Amino acid sequence: MKRRGLKGGSLWIRLQATGCSQSLPGSIACSDMFPPPLCPLQDIRNTVGNIPMEWYQDFPHIGYDLDGKRIYKPVRSKDELDKFLEQMENPEYWRTVQDKMTGVDVTLTDEQVALVQRLQRGQFGDVHFNPYEPAVDFFSSEVMLHPVTNRPADKRSFIPSLLEKEKVSKLVHAIKMGWLKPRKPRQDTPTFYDLWAQEDPNSILGRHKMHVPAPKVPLPGHEESYNPPPEYLLSEEEKLAWQQQESSERKLSFLPQRYQCLRTVPAYSRFIHERFERCLDLYLCPRQRKMRVNVDPEDLIPRLPKPRDLQPFPTTQALVYRGHSSLVRCLSVSPSGQWLVTGSDDGTVRFWEVCTARCMRTLPVPGVVKSVAWNPNPSVCLVAVAVEQSVLLVNPCLGDKLLYGATDQLIDAYTAPEEQRLQPVTWEVPAGGERDQGVRLVIKHGKPVKQVVWHGKGDYLASVLADNSNLQVLIHQSSKRWSQNPFRLSQGQVQCVLFHPLRPFFFVATKRHVRVYNLLKQELAKKLLANCKWLSSMAVHPALSPSRHHKKALRSVAFHKHYPLFASGSDDGSVIVCHGMVYNDLLQNPLIVPVKVLKGHALTQDLGVLDVVFHPTQPWLFSAGADGTARLYT
């Protein structure tokens, strides 16, 4: 038995006879060896030496024998339940440890268990070792005649050292050259001093500069006199009203009374109460002087750029498109910017030439036109018109003959599938007079349609129905004549929908919320809460959001595709054009500057501007009003 010492309150040993290094009960880990004489059954099959056995934990073998062959680990297929049953059934389980050198289980003998128990009690491992043997006094207390060692002193003990001489010469040279300066003498000055020794006795001390005087007691008035004037005395009605009031609402905390002389004045009943309140005023008075900040009101207002520095933007009314006999609800501009389409309550859809305000075509429809939308794809000449419970896809046959001819060929090239799929709408091809007027397809819905909008690529379009079910929003594909319902549940009454101009996002606006859906992932991406009571129109820009400056309800908003402009139309008959600047710093909010208020529409039935839209390329603005006209501002 070889004692190694204590480590962390535990004694570390190793049972060499069994090759174990298992942690035993009582916080004893076997990590040192017994002398060979005590271990005749030493297992020396593994010849890897004294190395950490964790190096072999990822290998199927645990070492090598004397012949250089691998010693494979024993198969251990016992789970926790098998180990528990073995612990309950095997009476030798408590003295069984695992040998890390060979990986086998070894049962400790009685002598080894007794050795471990002795080490746990803090005793020596050897039973025959006597720790209390008499000590041998190698050096006695008696002074001997001859010393134990009588070696003469070295020569270097009385000869000056050359190394020290060289070091001293270097230090002297450094002091002469000024490289090494001696330490400054320590000043034995007192650490305390008079704080106000340098103060002027005639000036106000610094500790008194911020002094806040205690609140003064208000002086008594005429109503507190023992003989007040008659106008300060309360009548019976005033006394009754004073008694019914709360103590915090009363102007006076007492009732004025009149006495004949001072000798008849009784003791003041509220004396102790007022003294207590006075003590609270003195004790709880905030002793702090607040520095008043002098702020110029002009500095609080952001400095907006001048409107002439933000040009171009529409400033004047250039053309008026007259021809409708009722209010114009909607309008749209062709991708080339040459044609304008308007829809009115008089049951007609008119196509105009933008530059001349000449009506090129008039399409009568069976009902009120709620929405019109020109296909944004410049290679397709189609206009979607929402009338009653139908969406009409109209080819206006304006402009290039090759363009609208190719559009008819694209529509006629459709081949119906062999198996008819169930759709929420019905696709019909008109014939006769409707086709001669330009109607190419009719999408019939079950409810009235109040909005239609195109996707940026021009193949898909979305329609909004006046319904509260999950069929409020439908998405149609014109090339395949296929319609689908994107929502399973109703999210509220939908006001309008819109496709993002660049990203695959679909915006659905209800009365108070705007939900943004990702079309690729087919999931809800974001939910926006509006700070208004009722959403009526929506426009999408990559970085800006419009603001409100109108006096009445907003009817429509629009962004320009290229210029940093947006406009809003309201029932007050005006159109406000704003300039929006977006900064590269994401922490700075966009700057929105109203640059022009455009007027011209007359109020009709408390309705003003119903729709606004920008020209696709020029800084021009179109507006549709309740007075039956459409106007162009340039």
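Start by selecting Ser371, and you'll land in strand S14, which covers residues 369-374. Keep in mind as you click around that this is a predicted model.

Is Ser371 buried or exposed? Ser371 is buried, because its relative accessible area is 8%, and buried means under 20%. Now show the side chain of Ser371 and follow it to the backbone nitrogen of Val452, which it reaches at 3.3 Å. Val452 also turns up among the residues that Ser371 touches, leaving aside those up to four places away in sequence. Color the others too: Cys330, Ala384, Val385, Ala386, Lys450 and Gln451.

**Next stop: Arg515**

Select Arg515 and you're in strand S25, residues 513-518. Here's something to puzzle over: Arg515 is buried, yet it has no salt bridge. Which side chain of opposite charge is nearest to Arg515, and how far away is it? That would be Glu523, 14 Å away. A salt bridge needs the nitrogen and the carboxyl oxygen within 4 Å, so Glu523, at 14 Å, makes no such pair with Arg515.

So what does Arg515 touch? Not counting residues up to four places away in sequence, the list runs through Gln491, Phe506, Phe507, Val508, Thr510, Leu524, Lys526 and Lys527. Try showing those as sticks.

**Time for some salt bridges**

Side chains of opposite charge can pair when their charged atoms come close. How many salt bridges does a search of the whole structure find? The search turns up 13, and you can visit a few of them here.

Pick Glu86 and Lys78 first. Their side chains meet in a salt bridge, with 2.8 Å from N to O. Glu86 counts as partly exposed at 24% relative accessibility, and Lys78 is partly exposed as well, at 48%.

Jump to Asp154 and Arg156, where the side chains form another salt bridge, this one at 3.3 Å from N to O. Asp154 is partly exposed at 29% relative accessibility, whereas Arg156 is exposed, with a relative accessible area of 68%.

Now select Asp412 and Arg435, whose side chains meet in a salt bridge at 3.5 Å, N to O. Asp412 lies in helix H8 (residues 401-412) and Arg435 lies in helix H9 (residues 433-436), so this pair ties together parts that are 23 residues apart in sequence. Both ends are partly exposed: Asp412 has 49% relative accessibility and Arg435 has 28%.

For a change from pairs, select Glu92, Arg95 and Asp110 together. These residues are linked in a network of salt bridges.

**A look at cysteines**

Select Cys261 and then Cys496. Cys261 counts as partly exposed at 24% relative accessibility, while Cys496 is buried, with a relative accessible area of 6%. How many disulfides does the count come to? The count is 0.

**Zoom out**

Finally, clear your selections and switch to a cartoon view. The protein's secondary structure comes to 9 helices and 33 strands. The protein has 634 residues, and buried ones make up 33% of them.

Which share of the contacts with a separation of 6 or more comes from residues 24 or more positions apart? Those account for 47%. Turn on the surface to end the tour: the accessible surface comes to about 43700 Å², and 54% of it belongs to carbon and sulfur atoms.

Conventions: Residues numbered from 1 in each chain as written. Predicted model: local features only at pLDDT ≥ 70, side-chain atom pairs only at ≥ 80, totals over all residues. Heavy atoms only, no water. Helix = DSSP H or I, 4+ residues; strand = E, 2+ residues; numbered from the N terminus. Buried < 20%, exposed > 50% of the residue type's maximum accessible area, 1.4 Å probe, protein only. Contact = heavy atoms within 4.5 Å. Areas by Shrake-Rupley, 256 points an atom, 1.4 Å probe, with all protein chains shown as cover. Lys, Arg positive; Asp, Glu negative; His and termini not counted. Polar contact = N/O pair within 3.5 Å; in protein donor to acceptor, adjacent residues only side chain to side chain. Disulfide = S-S within 2.5 Å.
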